[in-house]
Amino acid sequence: MPHQKNAVAHVLYGNNTLLAHCVGAGKTFQMIAAGMESKRLGLSQKNLYVVPNHLTEQWGSDFLRLYPGANILVATKKDFEPANRKRFCSRIATGDYDAVIIGHTQFEKIPLSKERQIAMLEDQIADITFSIEEAAHQAGQNYTIKQLEKTKKSLQARMKKLNDQTRKDDVVTFEQLGVDRLFVDESHSFKNLFLYTKMRNVAGISQTDAQKSSDMFMKCRYMDELTGGRGITFATGTPVSNSMTELYTIMRYLQYDTLMRMGMGHFDSWAATFGETVTAIEFAQVL
């Protein structure tokens, strides 16, 4: 369909892309075609598709429906058992595949190099330390400082954890896979990314933080470094489900450098530009 061709063209010729079409609009075929065409045109060498765990095999059959001659590698649950994980990651790294399809939780089990993770966490900690100092100079900011301190502690705990890599055993790192195009299906699964804000008592601002989202964010930063902000495609039928912060989170994944260039590295400056705090009566639902 025309909108699918346009979407493929956007992925090929534009920067990082969000496919936010409604369910049933053909996002799967758009991503498959975009990956195969980018490989054919020499825009990418190895495409990685990260999809919901229960859909890996369905994705594999859809891929072969559209491109019967494609050389694809589909991960099974067995491939990511500790005994087989290293061998499977080595297959991704050494094989010349048109596409590699893995599940969300399997993706999280492929770590970035320890050095890169530590460098990124140090950046975040420095950022929060600066925000804490800034908040300390302003009256009535106790709540903010408490929130920031809490986030800082969790980041420091994560730093400590990096030295104990029991969960992510000694596998090939994400950088070594040779992936230079990343497609993420049902990307709303990664909406809970760490966020610090001075706003309080404002409905619609979510500050939950999930480990898998932080992991995805770090990998997106690496992909941007590698491809100049052109190698990531997210697809979801529900880009915003219950909080305005989800829009900001999508921009952080896909347009991080643009946000920084525009001085919107912090949520508050982004919200001041694109959002508006209004006071309104909220009706309680009576059952």
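Let me start with one position in the sheet, where Val51 stands opposite Gly103 in strand β4. I should say at once that we are looking at a predicted model, and everything that follows should be heard with that in mind.

Val51 belongs to strand β2, residues 47–51, and β2 is joined to β4, residues 99–103, by five bridges, the two strands running parallel. Strand β5, residues 181–185, also runs parallel to β2 and is joined to β2 by four bridges, with Val184 in β5 as the bridge partner of Val50.

Which side chains of β2 lie on each face, and are they buried or exposed? In a regular strand the side chains alternate between the two faces of the sheet. Here Asn47, Tyr49 and Val51 are on one side, Leu48 and Val50 are on the other, and all of them are buried, which leaves both faces of β2 covered.

From the start of that strand we can step across to helix α2, residues 27–40, which contains Ser38. Setting aside residues up to four places away in sequence, Ser38 touches Leu12, Leu43, Ser44, Asn47 and Arg181. With Arg181 there is a polar contact between the side chains, at 3.3 Å, and Ser38 counts as buried because its relative accessible area is 0%, where the limit is under 20%.

Now to the aromatic residues. The whole structure holds 15 aromatic pairs. One of them joins Phe217 and Tyr256 edge-to-face, with 5.6 Å from centre to centre and 70° between the planes. Phe217 sits in helix α8, residues 211–227, and Tyr256 in helix α10, residues 256–261, so this pair ties together parts that are 39 residues apart in sequence. Phe217 is itself buried, at 6% relative accessibility.

A further pair is Phe234 with Tyr253, where the centres are 5.3 Å apart and the planes lie at 55°, so the pair is tilted. Phe234 is in strand β6, residues 232–235, and Tyr253 in helix α9, residues 245–254, so that distant parts of the chain, 19 residues apart, are linked; both residues are buried.

Returning to β2, Tyr49 is also a member of a cluster in which ring pairs link Tyr49, Trp59, Phe63, Tyr67 and Phe183.

Finally, there are two places where a charge meets a ring. Lys212 lies over the face of Phe190, 5.5 Å from the ring centre, while the charged end of Arg252 sits over the ring of Phe194, at 4.6 Å from its centre.

Key: Residues numbered from 1 in each chain as written. Predicted model: local features only at pLDDT ≥ 70, side-chain atom pairs only at ≥ 80, totals over all residues. Heavy atoms only, no water. Buried < 20%, exposed > 50% of the residue type's maximum accessible area, 1.4 Å probe, protein only. Polar contact = N/O pair within 3.5 Å; in protein donor to acceptor, adjacent residues only side chain to side chain. Contact = heavy atoms within 4.5 Å. Pairing = 2+ DSSP bridges. Phe/Tyr/Trp six-rings, centres within 6.5 Å; stacked < 30°, edge-to-face > 60°. Lys NZ or Arg CZ within 6 Å of the ring centre and 35° of its normal.
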